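Hi,

Here is the structure I promised to pass on to you. Have a look at it first, and then read my notes on its cavities and nonpolar cores below.

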Amino acid sequence: MDATALARWQFGITTIYHYLFVPASISLATLTALLQTAWRRTGSEVLLRLTKLSGKLLLVTFVVGVVTGLVQEFQFGLAWSDFARFYGDVFGPTLAVEGMLAFFLEATFLGLWFFGWDRLPARVHLACAWVVAAGTLISAFVILGANSFLQNPQGYTLDPETGRARLDSFSALLLNPVNTHSFPHVVAGAYLVGGAMFLAIGLHHTFRGSADAAGARVLLRLGAWVTAASGAALAGTGDLLGKLIAEVQPMKMAAAEGLYATTSGAPFSVFSWFSGGRKVWGLEVPNLLSFLVSDSFTARVQGIDDLQSTYSATYGAGDYVPVVPVAFWSFRAMIGFGMAAAGIAVLVLWLTRGGRTLTRGTRLGRLPVGRLLALGVPVLPLLPLVANSTGWLFTETARQPWLVFGLYKTADGVSPGTTAAEVIVTLVAFTVVYGALAVAYVTLVLRLSRSALDAPEEAPVPEQQPERELATW
C-alpha cells in the first residue's frame, strides 16, 4: 500500500474517531440546557439530578472530543501539506472563526457552568448552559461550511500565479446550499446520539430497579422522544439533501445506488450483489430512485458509465468512479442503523404510554420485547454512532477521486516526500492514543451512568418555583 492510500486510511480513521464525540457533545449540550431550564421552572429534584448527570457526560465527551480534534489537525498538517497549501486560504479563516468564536465560547462557558453551581446567580448559570448549546451549533455550522466547499466549491477564485484557491466571500462559503442542507441533517443525527444515550441509561435503570424510579422514567421517556423525533427529522432532511446531492454530485448518488446505466424511472436497490466492483444483481423497488431524487416516478437519472464519459471529457482522461460497493453499503448502513434506533424509541414510547411500566417480562403479543430490550441496552447507544460514521464514510469516499470536487484530486494533496513507513508510524501512535482514550471515556461514562440514580442526593429547590408533578413524563 503506497503513502497516498495509507494517508487516506489515516485521515479516515482519525476523522471518524473524532466524529464519534462531536454529535454527542452537540446533543448533550442542548439536553443539559433543556433539563436545567425544566428544573428551574418546576423545582424538581429529579430534573436537577438529571441535569447534573447530563452535564458531567457533556464535560467528559467535550474533553475527549478536543483531544481527538487536535490529533486530527496534526495528521492533516503532517500528511496533507500540498492540499493545505491549495486550500489554506479557504480553510484558514473558517478554522479561525470556529476556533476563536465557537470553540472558546463552548470551553469558557462550559467551565463557568461546571464550576458555577452555587457560585453564579441562577439565571446567569442557566444562561451559561444555553451559550454552550449555541456554541456547539455555531461550531458545527462553520465546520460544515468548510466541508461543503469540498463537496460543492463556491465563493472563491483560483489564483493564476500560485494555483491556490482564494476565498472571496465568507458568507458564500457558509451559505453554500450543501451546507444549508447538510447542517439540519447533521444536527438531527447528533440529537439521535444524545437521545439514544439517555434512552439506554433509562432502560438500564428501569430493568435494574434503581432507587430513583422517577428519574429512570424521565430519562427513558425523554430519550425516546428525542430519538424518535430525530429519526423523523433525519428522514425529512435526508430527502432534501439527497435531491441536492443528485444535482451537484450526480456520481455520488449513482454510486450510492450502483446505477451504471442512465435510466428513466430508475429503481431503488434494497439489496445488491457486486462482483468485480460492479453490481450483478439487486432486489429493487421500481421507479423509487427517480421519485426520491426528483419527485417524479419517471425522471431520468444519470448512470455511472455516462457520468464517467462526461467527467473524462470535462476534466481529462482518468477514473472518476468511486468504490461503488463502499458507497452503496455505507449509504444503507447510515439509513438502517439510524432508523433502527428511532424504531426502538417508538416501541419504547408505545410500551410506556399512559404511565405503563416497562419490565423484563413485558410482551407484545407473543414477542418478549422486555427481555429483548434488556439485552439490547449495550447496543442501543452504538446504533446512532454507526449511522453517523457510515454517513461520513459515504460522504467522503463517494466524492473520490476528488478532494475538492472538480478542482483538486486526492492524489495531488499528499505531503511531498511522505513515505509509507512514516504514515504507518504515526497511524500506530494515533491508534495507541485513541485506544487509551476509548478505555478512559467508556469507563467514565459507564460509571456516571450506572451510579447516577442509585443514591438521590439532597437538592435545593429554586426559591421562586414550587415543585410540580412530573406525570406528563
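The largest cavity holds about 60 Å³ of space; please keep in mind that this is a predicted model. Its lining is made up of Gln-249, Met-251, Lys-252, Tyr-311, Tyr-320, Ala-398, Arg-399, Gln-400, Pro-401, Trp-402 and Phe-405. Sorted by class, that lining has seven nonpolar, two polar and two charged residues.

Searching the whole structure turns up two cavities of 30 Å³ or more. The second largest has about 40 Å³ of space, and the residues around it are Ala-29, Thr-32, Leu-58, Leu-110, Trp-113, Ala-129 and Val-132. Six of these lining residues are nonpolar and one is polar, with no charged residue. Three helices, α2 (22-42), α4 (81-115) and α5 (122-151), each supply at least two residues of this lining.

Now to the cores. The largest nonpolar core has 41 residues, and Leu-50, Leu-57, Phe-198, Leu-219 and Tyr-441 have the most contacts inside it. Two or more residues come from each of α2, α3 (45-79), α4, α5, α7 (177-208), α8 (213-248) and α15 (420-451). The biggest share is from α3, which gives eleven residues.

You may like to click on Tyr-441: leaving aside residues up to four places away in sequence, Tyr-441 touches Phe-21, Val-60, Thr-61, Val-64 and Met-197. There is also a second, separate core of 20 residues, with Phe-207, Ala-224, Ala-341 and Ala-345 among them. As a general point, nonpolar side chains in soluble globular proteins tend to be buried together.

Best wishes

Technical notes:
Residues are numbered from 1 along each chain as its sequence is written. This is a predicted model: local features need pLDDT of at least 70, side-chain atom pairs count only at pLDDT 80 or more; totals for chains, interfaces and linings use all residues. Side-chain values use heavy atoms; hydrogens and water are left out. On a 1 Å grid over the protein atoms alone, a cavity is a set of points where a 1.4 Å probe fits but cannot get out, and a pocket is an open set with protein on both sides within 12 Å along at least five of seven lines; lining residues have an atom within 4 Å of a point. Grid points are joined across faces, edges and corners, and a volume is the space filled by probe spheres set on the points. Ala, Val, Leu, Ile, Met, Phe, Trp, Tyr, Cys and Pro count as nonpolar, Asp, Glu, Lys and Arg as charged, and the others, Gly among them, as polar. Helices (H or I, at least four residues) and strands (E, at least two) are DSSP runs, numbered from the N terminus. A nonpolar core is a set of buried Ala, Val, Leu, Ile, Met, Phe, Trp, Tyr and Cys residues joined through side-chain atoms within 4.5 Å. Buried means under 20% relative accessible area, exposed over 50%, partly exposed in between (1.4 Å probe, protein chains only). Contact means heavy atoms within 4.5 Å.
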